[in-house]
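Q: Can you walk me through the voids in this model, then the cysteines and a few buried spots? Keep it short.

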Amino acid sequence: MNKTWWKESVVYQIYPRSFCDTNGDGIGDIRGIIRKLDYLKRLGINVIWLSPVYKSPNDDNGYDISDYQAIMDEFGTMSDFDELLLEAHARGLRIVMDLVVNHTSDEHAWFVESRSSRENEKRDYYIWREAKDGKEPNNWGSYFSGSAWEWDKTTQMYYLHFFSKKQPDLNWANPVVREKVFEMMTWWCEKGIDGFRMDVISMISKPEGFPDAPKKEGMLYGDNAITCNGPHVHEYLQEMNREVLSRYDLVTVGECAGVTVEEAKKYANAQGSELNMVFQFEHVGLDAGTVDKWDKTPMSLPALKENLTKWQKELDEVAWNSIFFCNHDQPRVVSRLGDDSAVSAKCIATMLHFMQGTPYIYQGEELGMTNCSFGSIDNFRDIESINAYYELTEAGLRQPEELLSCIEYKSRDNARTPMQWSDEENAGFTTGNPWIMVNPNYTEINAKKQLDDPDSVFCFYKKLITLRRNSKWSDVIVYGRYDLILPEDEKIFAYIRTLEDRKLLILCNFSQEKEKFRLPCELISAQPEILIQNTENVPELREDMEMEAWQAVVYEL
């Protein structure tokens, strides 16, 4: 397997709006990121992925872009960004931009022209269709509730938007659109950025003929899976690679909703003709309901093990994994798989960070930040959560109290509460009124409290990162083969990493109680070296094992 810097990296995602506010307006900014670069350097990560910082009216918190080559007013200026890039590079930190090119804002100059008349030269930059029997062209639904089609009074046609109606989808079938996107990407590469995370990139090629999608019972619209991994997506990405990506030393990761293992082998192929890796979401969808994601059913550990193992085994040596639990679209993993405790946060981190692939840490994950109890739908800011609440309750499909409980558990806003820097007012995030409520537990969970505490979640993450990036075990952790053991055990997640004659054993107890289990005798070795553990008492390695609640330990055999 070819060794590369991006395979050996650890990525840290920043959601700028919630990271650090320096001017007291309650919204994080680029100068706040600059202020915290030394914190990130201390953690040990070497790549920063920025959620969008481009100019935007913020209908979807920056994922609705009105100008790809300007900075959002609330975040600062292009001069601030240039300083961020300079200061990050001075510390050995690389900057990855969020590339959002499935859609733009309806306030982007292209769409303003496109909707001005049917004859405008930019009309075909977007996807327009006539009404069908006086209604929408098909039964596709928006991910943010409602139809994926919006009626435009000016030109008497529908335009496609898979997200907010203020996020019209670009028409990638138009070669001029692709050319314009590639020109913009080149502009950023020439500025000196180090890569792209590509938002919903698996959706840029729409199904031929725009057919109705299969519709599940209880759903208002067709299943959006039909819109992913379209007929020309690999053709478009190979063109992007030829025109832009292959000309620079970049890391690229595609957010690929609906991706299968077979499709991922194409997107992230070892030949490098498309992207370096993909984000797949099968594992974080295992606790979704039968109709939608608004469900509180706990995730089955055997199902999680089976899914993660599938991706580890089937991409080995043919493509590369990105490994993650948290991002700006996911609730906090310590509240989802753990019990909000520090020891469970460390257990989950151990399980993830010893897998093959590039790890992604989302801001606050390294502190064990938890879900937030919002109390009322009025305290949410996420367009997906708010729209779902009103659509499903007004249609009589869900009861308000029950649905609110599910939204509190699964909402994207759980990840977007302000970064908890200290026990000062507003968690040290801002001196003003924060744009979204601060999690009340910031007095107990914050960076100031953890930085110099050797038993903290922060210091544990720092150890995990050091082991992967700068230790005698780094090659085994990054490149070693993965093999699951005890697949049916409902509490113990155990696997082995092997590189040539070196072998690591990872044991994690995903339970609030002590658990007994039996290891294969061939794994038992005398006086194994311990790489890391999250409790004081480390169990002796033997066939009949007993582990404490949420205990995790890694042995070199």
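A: First, the term. A cavity is a set of points, on a 1 Å grid over the protein atoms alone, where a 1.4 Å probe fits but cannot get out. Lining residues have an atom within 4 Å of a point. Grid points are joined across faces, edges and corners, and a volume is the space filled by probe spheres set on the points.

Q: How many cavities of 30 Å³ or more are in the whole structure?
A: Three.

Q: And what are the ground rules here?
A: This is a predicted model: local features need pLDDT of at least 70, side-chain atom pairs need 80 or more, and totals for chains, interfaces and linings use all residues. Numbering runs from 1 along each chain as its sequence is written, and side-chain values use heavy atoms, without hydrogens and water.

Q: What volume does the largest cavity have?
A: About 100 Å³.

Q: Which residues line the largest cavity?
A: V278, Q280, H283, L308, W311, Q312, N321, S322, I323, F324, L352 and M355. Helix α8 (301-315) and strand β12 (322-323) each supply at least two of the lining residues. α8 gives the most, with three. Helices (H or I, at least four residues) and strands (E, at least two) are DSSP runs, numbered from the N terminus.

Q: How does the lining of the largest cavity divide into nonpolar, polar and charged?
A: Seven nonpolar, five polar and no charged. Ala, Val, Leu, Ile, Met, Phe, Trp, Tyr, Cys and Pro count as nonpolar, Asp, Glu, Lys and Arg as charged, and the others, Gly among them, as polar.

Q: What about the second largest cavity?
A: About 70 Å³ of space. Its lining is C326, R332, V333, V334, A345, I348, E365, G368, M369 and Y461. That makes seven nonpolar, one polar and two charged. α9 (333-336) and α10 (342-353) each supply at least two of these residues.

Q: C326 is in that lining. Buried or exposed?
A: C326 is buried, at 3% relative accessibility. Buried means under 20% relative accessible area, exposed over 50%, partly exposed in between (1.4 Å probe, protein chains only).

Q: How many disulfides are there?
A: Zero. A disulfide is a pair of cysteine sulfur atoms within 2.5 Å. C326 is in none, as the nearest cysteine sulfur, that of C347, is 14 Å away.

Q: Why is C20 not bonded?
A: Because the closest cysteine sulfur, in C372, is 19 Å from that of C20, too far for a bond. C20 is also buried, at 2% relative accessible area.

Q: Switching to pockets. What volume does the second largest have?
A: About 430 Å³. A pocket is an open set of points with protein on both sides within 12 Å along at least five of seven lines. This one is lined by 23 residues, and W6, N269, A270, G272 and N276 lie nearest its centre. The lining holds eleven nonpolar, eight polar and four charged residues.

Q: Where is I127?
A: In the loop between α4 (109-114) and β6 (128-129). I127 is buried, with a relative accessible area of 4%.

Q: What is I127 in contact with, leaving aside neighbours within four places in sequence?
A: W149, Y158, Y159, L160, D169, L170, N171, K206 and F210. Contact means heavy atoms within 4.5 Å.

Q: Last one. Which residues of α12 are buried?
A: In α12 (residues 400-410), L403, L404, C406, I407, E408, Y409 and K410. They pack against α9 (333-336) and α11 (383-394).
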